[in-house]
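Take a first look at the chain shown here. The report after it moves from the whole fold to single residues.

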Amino acid sequence: MGFACGIVGLPNVGKSTLFNALSAAGAEAANYPFCTIEPNVGVVPVADPRLEALADLFHPKKKTPTTINFVDIAGLVRGASKGEGLGNQFLANIREVDAVAHVVRCFEDDNVVHVENRIDPVGDVATIDTELALKDLETVEKRLDRARKMARTREEKAFVEIGDKVLAGLNQGKPVRGLRLSDEEKLAIRELQLLTAKPVFYVANVAEKQLAAGLADPLVAKLAAHAKAEGSPVVVISAAAEAEIATLDPAEQPAFLETLGLSEPGLVRVVKSGYDLLGLITFLTAGEDECRAWTVTRGARAPQAAGVIHTDFEKGFIKAEVIWWEDLVALKSEAACRAAGKMAIEGKDYVVRDGDVMHFRFNV
C-alpha cells in the first residue's frame with residue numbers, strides 16, 4: 001500500500017463527494033453536517049502508465065497496482081477540540097493517517113449551505129487548524145506535566161525542553177510541521193501523534209466553470225497564497241466533475257476530460273501530491289505471472305525494497321537485478337536488456353529509483 005490519506009475539512013465542502021469519486025465506496029453525501037459518522041475507508045488503485053506498459057509487454061496472469069487508503073473523516077467544526085459536533089471521534093481518526101488532504105470550499109453555490117454562512121477559504125483553513133492546534137496543546141501540556149514530575153531522569157529533562165519549544169510554537173499559532181525541529185526532536189515527540197505534525201496538502205474544490213482558471217481563480221488564489229506561505233501544495237479539482245468522471249467508461253473519460261481542459265483525472269493529481277509530500281516512490285516487478293507496482297520511501301536501499309515484498313527477501317538479501325522500465329519496454333525482454341548492458345547487478349547500498357524494475361536474489 002502507498003499511504004493512508006485522511007480527507008478533512010468543514011462540513012459541506014465536498015469531502016464525501018470527492019471520496020466517492022476517488023474510491024467508488026458509495027459514502028453518503030448530503031447537504032447537512034455530520035452525514036459521515038464513521039470514517040469511510042476506500043482502498044484505491046494508483047494509476048501508473050509504467051505498470052500498464054509492462055503488462056502490455058509481458059501479458060501477465062495478474063496485474064497489481066499499488067494502492068492508497070483514503071479515509072473520509074466527517075466534517076470538523078469550531079469547538080471540535082472540545083468535543084463539539086463529534087469532534088473527539090473525528091480528531092482521533094486523523095491520528096491514524098500518514099497525510100492529510102484538507103478539502104477547502106472555493107466555489108459559490110446558494111444551494112449548498114456553509115456551516116459558518118460565508119465563503120472564505122483561508123478562514124475555513126484557520127478554523128480547522130485552530131481546532132487541531134488546540135487538541136495538540138492539550139496533548140503536549142499533559143505530557144509536559146508528566147515530564148516535569150519525573151524530571152530527575154535525563155530523558156524527561158530533555159523532553160521538557162523539546163515540549164516547551166513545541167508548546168511555544170502552538171501558542172503562536174504555528175503547526176508542529178512548521179516548526180524547525182531536528183530529527184532527534186521529531187523522534188522525541190512522535191509518540192504524541194500530534195495532529196498538526198501531519199504533512200498536509202490542500203484540495204481546492206471548485207465548480208466546473210472554475211477549472212480553466214486553476215490557481216488564478218480569485219478564491220483559489222487566496223488559498224494558494226496561504227499554502228505557499230506554509231510550504232504546502234495545492235491541487236485544484238471539481239469534486240462534482242470527478243464524481244461524473246468516475247461513472248464513465250474508461251474509453252469515454254479522455255473526451256470528457258478534454259471538455260474540462262484537463263489531461264488527467266483529479267485522482268492522479270491528488271496521489272502525486274501525496275506521494276511527493278511523503279517522499280514516496282514506486283518500483284516495479286515484472287514477469288509472465290504478475291506485473292506489480294510497489295511503494296517505498298525515497299532513499300530506500302535495495303534490501304528495504306525487497307522487504308516490502310517479503311521480510312524474508314530483506315533478511316536473506318544477496319543482490320538485485322535492476323532494469324530501468326523504459327529500457328525494458330524498448331528492448332522487449334530481460335535477456336535483451338542483459339545483452340545490451342541495460343541490466344545492473346546491485347548490492348545492499350543501491351538506492352532505489354522511481355521506475356526501477358527489480359528482481360531480487362536472496363537466501364534464507
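What follows covers the overall build, the cores, a cavity, a helix and three single residues.

**Overall build**

This is a predicted model, in which local features need pLDDT of at least 70 and side-chain atom pairs count only at pLDDT 80 or more, while totals for chains, interfaces and linings use all residues. Residues are numbered from 1 along each chain as its sequence is written, and side-chain values use heavy atoms, with hydrogens and water left out.

The protein chain has 14 helices and 12 strands. Helices (H or I, at least four residues) and strands (E, at least two) are DSSP runs, numbered from the N terminus. Of the 364 residues, 49% are buried. Buried means under 20% relative accessible area, exposed over 50%, and partly exposed in between (1.4 Å probe, protein chains only). Contact means heavy atoms within 4.5 Å. Among contacts between residues at least 6 apart in sequence, 68% join residues at least 24 apart.

**Cores**

A nonpolar core is a set of buried Ala, Val, Leu, Ile, Met, Phe, Trp, Tyr and Cys residues joined through side-chain atoms within 4.5 Å. The largest one has 55 residues. Ile68, Phe70, Ile94 and Cys106 have the most contacts inside it. Neighbours within four places in sequence aside, Phe70 is in contact with residues including Cys5, Ile7, Phe19, Leu22, Leu267 and Val270. Apart from this core lies another, of 17 residues. Among its members are Ala133, Phe159, Val166 and Leu192.

**The cavity**

The structure holds one cavity of 30 Å³ or more. On a 1 Å grid over the protein atoms alone, a cavity is a set of points where a 1.4 Å probe fits but cannot get out, and lining residues have an atom within 4 Å of a point. Grid points are joined across faces, edges and corners, and a volume is the space filled by probe spheres set on the points. The largest cavity has a volume of about 50 Å³. Its lining includes Val8, His102, Asp129, Arg177 and Tyr202. Strand 5 (99–105), helix 4 (121–149) and strand 6 (200–205) each supply at least two lining residues. Helix 4 gives the most, with three.

**Helix 11 and Asp356**

Helix 11 (residues 302–309) has these buried residues: Ala302, Pro303, Ala305, Ala306 and Gly307. Their cover includes strand 8 (280–285), strand 9 (290–297), helix 12 (311–315), strand 10 (317–324) and strand 12.

Asp356 lies in strand 12 (residues 356–362). Is Asp356 buried or exposed? Asp356 is buried, with a relative accessible area of 0%. A polar contact of 2.8 Å joins its side chain to that of Arg353. Such a contact is a pair of N or O atoms within 3.5 Å; within protein, one must be able to donate a hydrogen and the other to accept it, and residues adjacent in sequence count only if both atoms are side-chain atoms. Leaving aside neighbours within four places in sequence, Asp356 also touches residues including Thr282, Leu284, Ile323 and Tyr350.

**Two positive phi values**

His59 and Lys332 each have a positive phi without being glycine.

| Residue | Phi | Loop between | Relative accessible area |
|---|---|---|---|
| His59 | near 50° | helix 2 (49–58) and strand 3 (62–64) | 64%, exposed |
| Lys332 | about 80° | helix 13 (325–331) and helix 14 (334–339) | 55%, exposed |

How values were computed
1 Å grid on protein atoms, 1.4 Å probe; cavity = no way out; pocket = protein on both sides within 12 Å on 5 of 7 lines; lining within 4 Å.
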